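Open the model in your viewer and keep the selection box handy. We'll hop from one spot to the next, and at each stop I'll tell you what to pick.

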Amino acid sequence: MESLTHSSSFLLPNPPLHTAELTYVLVVLNRDLPRFTPLLWKNAQIRICADGGANRLYDEMPLLFPDETALAVRQRYKPDVIKGDMDSVREEVSQFYRALGTRIVDASDDQDTTDLHKCIAYIRDLPNLKNENASTCVLVAGALGGRFDHEVGNINVLCHFSSTQIVLLSDDCLIQLLPSSHHHEIHIHPTIEGPHCGLVPIRGPSKSSTTTGLQWNLSDTEMRFGGLISTSNLVKDEIVTVRSDSDLLWTISLKKIG
């Protein structure tokens, strides 16, 4: 079975050169901006606000640069696209970014999917990213915290677009899907993440999951809700490997970055 490699090097000030082969796309949701959002912005090639995420960018990004004028910060951190059902973004915000050249995509005709879902679908259809051999990773800022149904909706997007590498981020942790179609090798950066971590079956019970690199490794272990799930585990090594017959969520704590 083919192996996938995962790394949080997008949270490093100077990512390794090999990550240049990976295209990062940043999606900003309508939650508090993580303190490391400027770092995500720097490492992303495409930046998209999901509806009210534009308000967060407009209101909160200047707070991360108290020595600069709000206008200067807003002009520097201009999204490429604002997309959603447009029921949250303020008119003055959309007008401000439109004047700077941001593309506004009104998807209010679709009320059956979340704004994050709409943004991922948009990203997958971008001409320069549709090549199956292209490596794309979507970083979602403000994906965790707040209303639980919103968090579940964001996790559902991971499952719906399981062939796309998507990382949900908050100030405290990240979550990503590890599809059972691959084995997984996770490269840990101890200066920015860990040691707390977890593996959770998401589509149904896992009859067999095996790991290396954790304090409490799984060895052909069954996991299911109502039974054992691997929460409050600890990273022990700088490479963690995961094999499972079921899709798993991988989560790891983040240290004070930015």
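In which sense do strand 6 and strand 7 pair, and over how many bridges? Select residues 135–141 for strand 6 and you'll find that strand 6 and strand 7 pair in the parallel sense over 5 bridges. Two strands pair here if DSSP finds at least two bridges between them, and helices (H or I, at least four residues) and strands (E, at least two) are DSSP runs numbered from the N terminus.

Before going on, some housekeeping: this is a predicted model, with local features needing pLDDT of at least 70 and side-chain atom pairs counting only at pLDDT 80 or more, while totals for chains, interfaces and linings use all residues. Residues are numbered from 1 along each chain as its sequence is written, and side-chain values use heavy atoms, with hydrogens and water left out.

**Stop 1: strand 7**

Pick residues 165–169, which make up strand 7. Of its 5 residues, 4 are buried, so to speak mostly covered; buried means under 20% relative accessible area, exposed over 50%, and partly exposed in between (1.4 Å probe, protein chains only). Show Ala-141 as sticks too: Ala-141 stands opposite Leu-169 in strand 7.

**Stop 2: the cores**

Keep Leu-169 on screen and add Phe-10, Leu-40, Leu-139, Leu-199 and Trp-250: these six have the most contacts inside the largest nonpolar core, which has 51 residues. A nonpolar core is a set of buried Ala, Val, Leu, Ile, Met, Phe, Trp, Tyr and Cys residues joined through side-chain atoms within 4.5 Å. Apart from that one lies another core, of 29 residues, including Leu-29, Leu-116, Phe-161 and Ile-166.

Now zoom in on Leu-199. Not counting residues up to four places away in sequence, Leu-199 touches, among others, Leu-178, Thr-211, Met-223, Val-242 and Trp-250; contact means heavy atoms within 4.5 Å.

**Stop 3: strand 10 and its partners**

Select residues 193–201, strand 10. Because 7 of the 9 residues of strand 10 are buried, strand 10 is largely enclosed by the rest of the structure. Add residues 248–254: this is strand 15, which pairs with strand 10 in the antiparallel sense over 6 bridges. There, Cys-197 stands opposite Ile-252. Next add strand 13 (residues 230–234), joined to strand 10 by 3 bridges and also antiparallel. The bridge partner of His-196 in strand 13 is Leu-234.

While you're here, check the backbone at Gly-194 and Pro-195: a cis peptide bond joins them, with omega about 5°. Pro-195 lies in strand 10. Most residues other than glycine have a negative phi, and most peptide bonds are trans.

**Stop 4: two positive phi values**

Jump to Asp-220, where phi is near 55°, a positive value in a residue other than glycine. Asp-220 is found in the loop between strand 11 (206–212) and strand 12 (221–223), and it counts as exposed at 52% relative accessibility. Then select Met-86, whose phi is near 60°. Met-86 is found in the loop between strand 4 (81–84) and helix 4 (91–99).

**Stop 5: helix 5 and a pocket**

Is helix 5 (residues 115–124) largely enclosed or left open? Largely enclosed by the rest of the structure, because 8 of its 10 residues are buried. Asp-115, His-117 and Tyr-122 are among the buried ones.

Stay with Asp-115 and add Asn-30, Thr-114, His-150 and Asn-154: of the 23 residues lining the second largest pocket, these five lie nearest its centre. On a 1 Å grid over the protein atoms alone, a pocket is an open set of points where a 1.4 Å probe fits, with protein on both sides within 12 Å along at least five of seven lines; lining residues have an atom within 4 Å of a point. About 480 Å³ of space lies in this pocket, the volume being the space filled by probe spheres set on the points, which are joined across faces, edges and corners.

Helix 6 (148–160) and helix 5 each supply at least two residues of the lining, and helix 6 gives the most, with 5 residues.

**Stop 6: Tyr-58 and Arg-47**

Finally, select Tyr-58 in helix 2 (residues 53–60). At 16% relative accessibility, Tyr-58 counts as buried, and its contacts beyond four places in sequence include Arg-74, Arg-90 and Phe-96. Last pick: Arg-47, in strand 3 (residues 46–50). The C-alpha atoms of Arg-47 and Pro-79 are separated by 5.2 Å, though the two are 32 residues apart along the chain.
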